[in-house]
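Biologist: Before I plan anything at the bench, I would like to go through this model with you, piece by piece. Could you take my questions in turn and show your reasoning for each?

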Amino acid sequence: MAPDRPPSVDRLARSLADTGLPHPLLVDAARQAVADGDPADAVDRARDLAEATARHLLTGVVNATGVLLHTNLGRAPWGTTLDDARYRTLEFDLATGERGSRQDRAPALLARACGAEAAIVVNNCASAVLLVLAALAEGRSAVVSRGELVEIGGGFRIPDVMAQSGARLLEVGTTNRTRREDFARAVSAADDAALVLSVHRSNYRIEGFTESVAVADLASLGLPVVADIGSGLLDAACPWLADGPPAWLQGEPAARQTLEAGADLITFSGDKLLGGPQAGVIAGRADLVAACAAHPLARALRPGSLVLHALQDLALAYLRRDGDAIPFWRMATLGVDGLRERAAGIAPGLVADMAAVPGGGTLPGVEIPSAGLRLDGDRSADLRAGSPPVVARVADDATWLDLRTVHPDDDALLADALDRLGAR
Ligand SMILES: *Cc1c(COP(=O)(O)O)cnc(C)c1O
């Protein structure tokens with residue numbers, strides 16, 4: 001073939017089969033390589049494109065950032081059961097052989113674990129809030145403190161969610177101070193108030209001259225109280241941890257205690273402190289949960305069998321009080337000494353203390369004492385280029401590998417990665 005003639009797309013695509021990509025994607029890479037630029041470089045360009053496509057696929061990484069709930073890495077780590085593809089009893093009742101409900105296993109177990117009468121699961125906590133407002137307050141007013149009209153993560157804004165749900169936002173109080181009287185006055189002045197919404201300020205703090213109303217004080221207003229706790233801690237006492245709640249959890253709202261304080265419904269995320277897959281849980285009074293389940297949006301927001309199966313395993317671990325079976329809690333409660341030992345086992349000269357964080361938009365400002373390895377300079381791109389990719393934190397002209405978020409089985413992979421960098 002003359003050097004200035006582009007190779008045939010099909011032949012080029014077939015020459016890239018070793019990248020492991022399916023043929024149609026190799027054809028895309030080959031076509032683009034042939035169409036762009038110098039024909040003499042088409043083969044190299046096609047390989048670069050195919051390799052970039054393969055690396056862009058969703059893949060497992062070693063999270064050495066020390067951010068326990070890393071939003072960009074899927075928050076809580078969770079396995080898939082893709083290797084074990086089976087039909088599941090998603091909406092099938094084995095006892096009767098009849099149709100069943102997808103909402104009567106994981107949601108019922110989660111309700112049991114946090115002391116709620118009933119629960120349903122939807123796609124995420126944002127959908128949980130949307131569904132609750134649509135089902136219970138569409139065309140009527142939902143009363144919220146001005147100090148809790150928050151934005152969480154990528155554009156979940158309480159006022160916008162309210163608008164989408166068809167509920168009218170009735171703001172009370174001020175940014176820094178809202179009292180029970182503010183709610184009481186608004187509720188009696190409005191003739192259409194459907195519920196009171198309390199929103200956890202998950203990802204920021206207001207300090208100084210502040211006042212807010214506890215769920216217990218909202219409960220006597222005569223309207224259903226919905227508490228969006230977001231963060232997903234099931235029980236403030238953490239009975240699944242042998243040593244009880246870690247010090248850094250102080251003050252985080254929990255599902256069980258929020259219901260005990262008088263909330264009629266709570267909403268929370270599956271992939272924050274609950275430590276499970278992406279999901280949103282609506283739990284509380286059975287009649288209100290049933291109203292949410294009966295709303296047409298419930299169908300649009302429902303999760304599939306993979307998520308419900310993972311949540312069922314998670315809920316069973318909570319009910320067994322087996323925090324060690326929950327990857328997030330296992331990592332969150334590791335002792336620093338053990339982390340230092342693991343670090344010394346990988347590279348004794350690089351051991352360093354550092355601070356991990358809960359992440360996931362929870363517990364702002366909270367640091368968890370941790371340990372791992374410190375490399376001079378920014379080596380993050382080299383670490384990401386490895387297989388499996390290692391994601392590290394860069395600060396103060398150094399690269400920090402926090403072992404709290406690394407599975408101990410992956411320590412050997414980290415050692416290999418450091419060898420490739422010549423850093424060990
Ligand atoms: C995180 C959070 C949400 C959104 O949860 P997603 O599961 O990410 O949709 C809503 N409300 C509160 C208070 C939160 O902390």
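Modeller: One term first: a polar contact is a pair of N or O atoms within 3.5 Å. Please also keep in mind that this is a predicted model.

Biologist: With that cut-off, which residue offers a polar backbone atom to an oxygen atom of the ligand, and at what distance?

Modeller: A polar contact requires N or O atoms within 3.5 Å. The backbone of Ala126 meets that limit, since a polar atom there and an oxygen atom of the ligand are separated by 2.9 Å. Taken alone the ligand exposes 390 Å², of which the protein buries 94%. The residue and distance you asked for are thus Ala126 and 2.9 Å.

Biologist: Which side chain has an N or O atom 2.6 Å from a nitrogen atom of the ligand, and which one has such an atom 2.6 Å from an oxygen atom of the ligand?

Modeller: For the nitrogen atom of the ligand, the partner at 2.6 Å is an N or O atom in the side chain of Asp228. For an oxygen atom of the ligand, the partner at 2.6 Å is in the side chain of Ser269. The names are therefore, under the 3.5 Å limit for a polar contact, Asp228 and Ser269.

Biologist: Which helix and which strand each supply at least two residues of the shell around the ligand?

Modeller: The residues surrounding the ligand include Cys125, Ala126, Asp228 and Gly230, along with others such as Arg75, His200 and Lys272. By class, this shell holds 4 nonpolar, 5 polar and 3 charged residues. The elements that each supply at least two of its residues are helix H5 (125-137) and strand S11 (225-230).

Biologist: Is Thr362 buried or exposed?

Modeller: Thr362 sits in the loop between strand S14 (351-359) and strand S15 (368-376), and a polar atom of its side chain lies 2.7 Å from the backbone oxygen of Gly359. Leaving aside neighbours within four places in sequence, Thr362 is in contact with Leu69, Ser202, Ser231, Lys272 and Leu273. Its relative accessibility is 5%, so Thr362 counts as buried.

Biologist: What about helix H7: why can its buried residues be said to line one face of the helix?

Modeller: The buried residues of helix H7 (residues 180-189) are Asp182, Phe183, Ala186 and Val187. Seen down the axis of H7, these buried residues fall within an arc of 125 degrees, so they line one face. In general, an α-helix has 3.6 residues a turn, so residues three or four places apart point the same way. The value that answers you is the arc of 125 degrees.

Biologist: Which exposed residues does H7 carry on the face turned away from its buried side?

Modeller: The buried side of H7 is covered by elements that include strand S6 (141-145), strand S9 (168-172), strand S10 (193-199) and helix H8 (215-218). On the face turned away from that side, the exposed residues are Arg185, Ser188 and Ala189.

Biologist: How many residues apart in sequence are Ile346 and Gly372, and how far apart are their C-alpha atoms in space?

Modeller: Ile346 belongs to helix H14 (residues 336-346) and is buried, with a relative accessible area of 4%. Not counting residues up to four places away in sequence, Ile346 touches several residues, among them Leu373, Leu403, Asp411 and Arg424. As for Gly372, the separation from Ile346 is 26 residues in sequence and, from C-alpha to C-alpha, 9.4 Å.

Biologist: Which peptide bond is cis, with omega near 0 degrees?

Modeller: In general, most peptide bonds are trans, and most residues other than glycine have a negative phi. Pro388, in the loop between helix H15 (380-384) and strand S16 (390-391), follows a cis bond, the one from Ser387 to Pro388.

Biologist: And what is the phi of Arg321, which is not a glycine?

Modeller: Arg321 lies in the loop between helix H12 (305-319) and helix H13 (327-332), where it is exposed, with a relative accessible area of 54%. Although Arg321 is not a glycine, its phi is positive, at about 55 degrees.

Key. Residues are numbered from 1 along each chain as its sequence is written. This is a predicted model: local features need pLDDT of at least 70, side-chain atom pairs count only at pLDDT 80 or more; totals for chains, interfaces and linings use all residues. Side-chain values use heavy atoms; hydrogens and water are left out. Helices (H or I, at least four residues) and strands (E, at least two) are DSSP runs, numbered from the N terminus. Buried means under 20% relative accessible area, exposed over 50%, partly exposed in between (1.4 Å probe, protein chains only). Contact means heavy atoms within 4.5 Å. The arc is that of the directions from the helix axis to the C-beta atoms. A residue is near a molecule or strand if one of its heavy atoms lies within 4 Å of it. A polar contact is a pair of N or O atoms within 3.5 Å; within protein, one must be able to donate a hydrogen and the other to accept it, and residues adjacent in sequence count only if both atoms are side-chain atoms. Accessible areas come from the Shrake-Rupley method with a 1.4 Å probe; for residues, only the protein chains shown count as cover. Ala, Val, Leu, Ile, Met, Phe, Trp, Tyr, Cys and Pro count as nonpolar, Asp, Glu, Lys and Arg as charged, and the others, Gly among them, as polar.
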